[in-house]
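Thank you all for making the time this morning. I would like to walk you through one model, going from single elements out to the place where the chains meet.

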Amino acid sequence: MNDYQHINSQEELEQLIDRYFNGMTSVEEEDALRSCLARCPWSSQAIDEARMVMGYFATHSDRHRRQTAKSRRQLVAGIAASIAIILAVGGYALWHQQQPGDVCIAYVNGQVVQDNDKVMALVADDLSKMDNAANAMTDQLSSLGEALELDNE
Amino acid sequence: MKRITIILTCLLTTMAAMAQTGLNINRLFDGRYKKAAGATEIIVTGVQAREIGLTVYHSLSVTDKNQAELVEAMVVKDGAQAVDKEVEYRNGQLYYGFYTMKKGKRDNRYIFYLNQNLARKSPKNIVTLIYMEGFASQEEIKKLIRK
C-alpha cells in the first residue's frame, strides 16, 4: 500500500502542497505528501517546486533505505566470509595435525639406525628388490605374449 | 554459530571414522620386529618421505619362515580388498604382489610384497613387505621403484 493512496488526483496533491506551505497540514498528511512527491507521476509548477523543496527528505529517506539494505548485505557477506575463513583455517589445522611427523628410522636385527642417509639407502634397496621382481614379471608376460604370437602365426 | 558447530562436528566424526579404516598388515607393524633378530623394519614419514613423493613409507623384511608365512597371510587378506593388483604365484606361494588399496584418509595406499625365497636367480631367505601412502599415483609408484 502506498502512503499517498488517499491523494487521488493531481488537484488534491496541489491543494495539500498549498496547505503544507501555509502550515495547515498534520504530521500524517506531511508524510503522505513526502511519499507522494517521491513516487507519484504527476507534475506541475507547484508540484515540481514542492519536490525541489521537499525532495531532499524523500531522496534522503530512499538513500537511507538503500544504505540500510547495503549495510545488511555487507554484514551478511562479512559473516559468510568469516565463516569461510574459520572453516578454512580449522580444516588446515586439522589436516596439519593429522600429517605424520618427521620420522626416518630403521631397526635392523634389533639395532636402531637413525642416520637418514643409511635409512634411505635401505629404502632404496627395498625398492630395488621390488623393481627386479616387477621386471621379472613383465619379462615373463612379454615372453608369454611372444609365444602366443608365434603360436598364432 | 550453531550451524558451524554442527558442520565441524560432522567433519571431525567423518575424519575419525576414516582413520579407523585398517589393514591386516597393520598388525605386523605393532613394533614386534623392532628388536627381533633377522628382521628389518623401516619407518619413514614427513620430510624424508616427501622427498620420494610419499607421506608414509613402512617396510618389513623377515627371514624367519614362520614369520614369512604370517606376512604372506596378512598380505593375501589385504590383497583380497585391493582395488587393483599385480601378483605372481610360484609353487602355490605368493612370490610378488603390488596392490593398490582403497584410498585412505587422504592418500593413496599401496602394498608391495616379495618372497625372495621363490626367486629363480639367487633366491634368498627374505620376505619383504612395503606399505606406502601418499598422493602418488600407481604409475608414479612404479616409477619410484624403477629409480
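Before I come to the helix I want to begin with, let me say that I call two residues in contact if their C-beta atoms, placed from the backbone, lie within 7 Å. Helices (H or I, at least four residues) and strands (E, at least two) are DSSP runs, numbered from the N terminus. What you see is a predicted model, in which local features need pLDDT of at least 70 and side-chain atom pairs count only at pLDDT 80 or more, while totals for chains, interfaces and linings use all residues. Residues are numbered from 1 along each chain as its sequence is written, and chains are lettered from A and ligands numbered from 1 in the order in which they are written.

Let us start in chain B, with helix H3, residues 65-79. This helix lies across strand S2 (56-62), S3, S4, S5 and strand S6 (127-134) of chain B, and runs at about 40° to S4(B); the axes here are lines fitted to C-alpha atoms, for helices over the stretch in contact, and angles run from 0 to 180 degrees between N-to-C directions. The expected span of a helix is 1.5 Å times one less than its number of residues, so for the 15 residues of H3(B) we should find 21 Å, and the end C-alpha atoms are indeed 21 Å apart.

Which residues of H3(B) are buried? I use buried for a residue with 20 or more other C-beta atoms within 10 Å of its own, exposed for 12 or fewer, and partly exposed for anything in between, with C-beta atoms placed from the backbone. The buried residues of H3(B) are B:Ala68, B:Val71, B:Val75, B:Asp78 and B:Gly79. They cover an arc of only 100° around the axis, which puts them on the same side of H3(B), the arc being that of the directions from the helix axis to the C-beta atoms. Their cover includes S2, S3, S4, S5 and S6 of chain B, whereas the face turned away from the buried side carries the exposed residues B:Asn66 and B:Ala73.

After the helix comes the loop between H3 and S3 of chain B, where we find B:Ala82. B:Ala82 is partly exposed, because 19 other C-beta atoms lie within 10 Å. Leaving aside neighbours within four places in sequence, B:Ala82 is in contact with B:Tyr99, B:Thr100 and B:Met101, and its C-alpha atom is separated by 5.6 Å from that of B:Thr100, 18 residues apart along the chain.

That brings us to S4(B), residues 93-101, which is mostly covered, with seven of its nine residues buried. Two strands pair, in the sense I use, if DSSP finds at least two bridges between them. Seven bridges join S3(B) to S4(B) in the antiparallel sense, and there B:Val87 stands opposite B:Gly97. These two strands form a hairpin with two residues between them, and in the turn B:Asn91 has a positive phi of about 55°. S4(B) also pairs with S5(B), residues 108-115, over six bridges and again antiparallel, with six residues joining the two strands in a hairpin. Across this pairing, B:Tyr96 stands opposite B:Leu114, and the bridge partner of B:Thr100 is B:Tyr110.

How many strands form the open sheet? There are eight, in the order S2(A)-S1(A)-S1(B)-S2(B)-S6(B)-S5(B)-S4(B)-S3(B), with antiparallel pairing. The edge strands, each pairing on one side only, are S2 (111-113) of chain A and S3 (84-90) of chain B. Where S1(A) meets S1(B), six bridges join the antiparallel strands, and A:Cys104 has B:Val44 as its bridge partner.

Turning to chain A, its elements from the N terminus on run α-α-α-β-β-α, and buried residues make up 13% of its 153 residues. The contact between the chains takes 29 residues from chain A and 35 residues from chain B. On the chain A side, helix H3 (45-98), strand S1 (103-108) and helix H4 (116-152) each give two or more residues, with the largest share, 13 residues, coming from H4(A).
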